[in-house]
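Here is a friendly briefing to read alongside the model. Have the viewer open and follow the residues as they come up.

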Amino acid sequence: MMPSIAGRQPTLRGSIAAVFGPVRSRRTYANLVYLVLAVPLTMVYWSLFGFGMLFGTLLSVVLVGVLILAVMLLMVRALAGLERWLANALLAVSLEAPNDLTDSGEAGGLRGYVDAASTWRGFGFLLLKMFLGIVGVMLAYGLIQGVTLLSAVVRRPLDISFGEVNGEPVVWTVETVPETALAMGAGAGLVLFVLHLANGFGYVAERMALALLGTPAEGSAID
């Protein structure tokens with residue numbers, strides 16, 4: 001006989017909570033802040049890495065290039081530490097710094113940093129952070145557009161720009177009451193969609209941090 005699933009049928013209250021729960025969850029906004037912060041951080045990281053790797057490689061035949069690459073190695077570990085702090089502050093993780101440095105690394109030699117797997121895992125996370133930066137741009141744009149649509153109730157008539165098509169601006173002018181109602185409905189739906197995406201990509205960021213930035217702190221409830 002097939003087992004009954006009646007007890008697992010979704011209720012109206014449960015469905016409403018699943019749809020609108022992110023709106024009143026502090027975790028949602030922490031995830032959103034983390035993803036939006038990824039935008040400027042990604043720009044800084046890639047500027048530093050682009051400059052350091054290019055000139056370090058080109059000048060590696062002389063001592064200056066070797067020094068630049070050594071500084072880049074130390075910078076990777078410092079930035080990975082910053083990312084671990086951000087993850088602990090804004091994501092649902094509690095990470096401790098990895099302790100895989102050899103004696104030479106602890107004493108100030110570069111050999112220990114090169115040998116430490118955490119150095120290269122941190123570098124991998126910083127490279128993947130570009131993906132989160134792109135997501136942050138999309139979420140910020142969507143949130144701004146959603147709030148702009150919602151503001152039609154107090155800013156009518158309102159010109160809402162949706163970019164350009166074939167060089168021509170795409171603008172919706174909200175003037176009438178039905179248009180205002182439509183704009184508010186679309187804005188509420190867009191904001192809600194952005195908040196759900198923030199939680200989804202926040203979870204992705206958590207798994208990335210767990211895999212690449214450190215080990216869960218003792219006593220934490222992280223899987």
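L79 has its place in helix α3, and in this predicted model L79 counts as buried because its relative accessibility is 13%, under the 20% cut-off. Leaving aside residues up to four places away in sequence, L79 touches Y45, F49 and L126. The C-alpha atoms of L79 and F125 are separated by 10.0 Å, with their positions 46 residues apart along the chain.

**Overall make-up**

- The protein's secondary structure comes to eight helices and four strands.
- Reading from the N terminus, the elements follow the order α-α-α-β-α-α-α-α-β-β-α-β.
- The protein has 223 residues, and 33% of them count as buried.
- If you take the contacts between residues at least 6 apart in sequence, 67% of them join residues at least 24 apart.

**Helices α2 and α3**

- Helix α2 covers residues 26-58 and helix α3 covers residues 63-90.
- These two helices pack with their axes 10 Å apart, at an angle of about 175°.
- An angle over 145 degrees counts as roughly antiparallel, and α2 and α3 are therefore roughly antiparallel to each other.
- Sorted by class, the contact of α2 with α3 has 20 nonpolar residues, five polar ones and two charged ones.

**Helices α2 and α8**

- The axes of α2 and α8 cross at roughly 70° and come within 8 Å.
- That crossing makes α2 roughly perpendicular to α8.
- On the α2 side, the contact is made by R27, T28, Y29, N31, L32, Y34 and L35.
- On the α8 side, the contact is made by V194, L195, A198, N199, F201, G202, A205 and E206.
- By class, the residues of the contact of α2 with α8 divide into nine nonpolar, four polar and two charged.
- L197 also lies in helix α8, and L197 counts as partly exposed because its relative accessibility is 27%.
- The C-alpha atoms of L197 and N31 are separated by 9.6 Å, although the two residues are 166 apart along the chain.

**An aromatic pair across the sequence**

- The structure holds two aromatic pairs, and one of them involves F49 and F123.
- The ring centres of F49 and F123 lie 5.6 Å apart and the ring planes stand at 70°, so this pair is edge-to-face.
- F49 lies in helix α2 and F123 in helix α6 (residues 117-150), so the pair ties together parts that are 74 residues apart in sequence.
- F49 is buried, with a relative accessible area of 4%.

**Nonpolar cores**

- The largest nonpolar core has 32 residues, and those with the most contacts inside it are Y34, F49, L132 and L139.
- Helices α2, α3, α6 and α8 (177-212) each supply at least two residues of this core.
- Which helix gives the most to this core? Helix α8 does, with eight residues.
- Apart from this core lies another, of six residues, among them L158, I160, V174 and A183.

**Around Y34**

- Y34 is one of the residues with the most contacts inside the largest nonpolar core, and Y34 is also part of the contact of α2 with α8.
- Not counting residues up to four places away in sequence, Y34 touches E83, L86, A87, L90, L91, F125, K129, L132 and A205.
- Two of these partners appear elsewhere in this briefing: L132 is also among the residues with the most contacts inside the largest nonpolar core, and A205 is one of the α8 residues in the contact with α2.

**Helix α5**

- G112 lies in helix α5, which spans residues 110-115.
- Is G112 buried or exposed? G112 counts as buried because its relative accessibility is 0%.
- The C-alpha atoms of G112 and D100 are separated by 8.7 Å, and the two residues are 12 apart along the chain.

Note on methods: Residues numbered from 1 in each chain as written. Predicted model: local features only at pLDDT ≥ 70, side-chain atom pairs only at ≥ 80, totals over all residues. Heavy atoms only, no water. Axes fitted to C-alpha atoms, helices over the stretch in contact; angles between N-to-C directions. Parallel < 35°, antiparallel > 145°, perpendicular 65-115°, else oblique. Nonpolar A, V, L, I, M, F, W, Y, C, P; charged D, E, K, R; others polar. Phe/Tyr/Trp six-rings, centres within 6.5 Å; stacked < 30°, edge-to-face > 60°. Buried < 20%, exposed > 50% of the residue type's maximum accessible area, 1.4 Å probe, protein only. Core = buried A, V, L, I, M, F, W, Y, C linked by side-chain atoms within 4.5 Å. Contact = heavy atoms within 4.5 Å.
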